[in-house]
Amino acid sequence: MSDENNIMEAPETPDMPEGAEAQAGPSIDELRAQVEDYKDRYLRAMAEMDNMKKRQQRQHEEIIKFGKESVLKDFLLVFDALEKSIVSAQDMYPDDEPFITGLQMIERLMLDTLKRHGVEPIQTKDVAFDPNFHEAMMQVSRPDLAPGTVADEVEKGFLLNGRVLRPAKVTVAA
């Protein structure tokens with residue numbers, strides 16, 4: 001075989017006037033614009049995907065943080081009953097110190113347990129009434145307190161990880 005036979009020749013094309021090739025397909029500038037458009041769409045899709053992942057992560061964390069809310073609300077009913085039993089025991093059996101002390105120890109244990117799960121009591125002593133944390137049951141005349149100050153706590157309120165689980169029911173100085 002001779003070298004002449006091994007050389008591939010370019011296929012013959014019909015003679016076209018200059019500029020006709022540009023009309024046959026998109027120009028380089030058009031292709032560059034199209035590439036930029038695809039790149040922009042890709043970057044936006046990636047950013048949207050990243051935002052979606054972050055949103056799902058936040059939702060997952062909130063479910064873990066606040067998913068136990070209904071169970072903890074039920075335990076607050078038990079806490080209320082325990083608190084009322086302490087007050088009743090102090091009224092009915094003031095001399096039975098070991099019994100009252102035992103109830104108070106159970107109350108502290110329950111509060112500590114609730115605290116480990118992110119539940120903390122709402123402050124009501126010496127604070128101004130705040131509708132975000134307190135529920136006003138009534139106004140009372142208390143000359144020793146400034147108007148708008150929490151006078152007494154009717155029912156203890158609680159926060160779950162900084163969010164109100166149950167507002168404190170209070171009386172407010174008029």
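Thr124 and Glu153 meet through their side chains, which make a polar contact at 3.1 Å. Keep in mind that this is a predicted model. From there, we'll look at the surroundings of Thr124, then a hairpin, then the nonpolar cores.

**Around Thr124**
- Thr124 sits in the loop that links strand S1 (119-121) to strand S2 (134-140).
- Its relative accessible area is 9%, so Thr124 counts as buried, the cut-off being under 20%.
- Setting aside neighbours within four places in sequence, Thr124 is in contact with His134, Val150, Glu153, Ala168 and Val170.

**The S4–S5 hairpin**
- Strand S4 (residues 158-160) pairs with strand S5 (residues 163-166) in the antiparallel sense, over three bridges.
- Two residues lie between S4 and S5 in this hairpin, and Asn161 in the turn has a positive phi of about 50°.
- Across from Phe158 you'll find Arg166 in S5.

**The nonpolar cores**
- The largest nonpolar core has 10 residues in all: Phe66, Leu72, Leu76, Phe79, Met110, Leu114, Val119, Phe158, Leu160 and Leu165.
- Helix H4 (69-92), helix H5 (97-116) and S4 each chip in at least two residues of this core, with H4 giving the largest share, three residues.
- Phe158, a member of this core, touches Leu76, Phe79 and Val119, among others, not counting residues up to four places away in sequence.
- There's also a second, separate core of six residues, including Ile122, Val150, Ala168 and Val172.
- Val150 and Ala168 from that second core are also among the contacts of Thr124, while Ile122 is one of the residues that Phe158 touches.

Notes
Residues numbered from 1 in each chain as written. Predicted model: local features only at pLDDT ≥ 70, side-chain atom pairs only at ≥ 80, totals over all residues. Heavy atoms only, no water. Helix = DSSP H or I, 4+ residues; strand = E, 2+ residues; numbered from the N terminus. Buried < 20%, exposed > 50% of the residue type's maximum accessible area, 1.4 Å probe, protein only. Polar contact = N/O pair within 3.5 Å; in protein donor to acceptor, adjacent residues only side chain to side chain. Contact = heavy atoms within 4.5 Å. Pairing = 2+ DSSP bridges. Core = buried A, V, L, I, M, F, W, Y, C linked by side-chain atoms within 4.5 Å.
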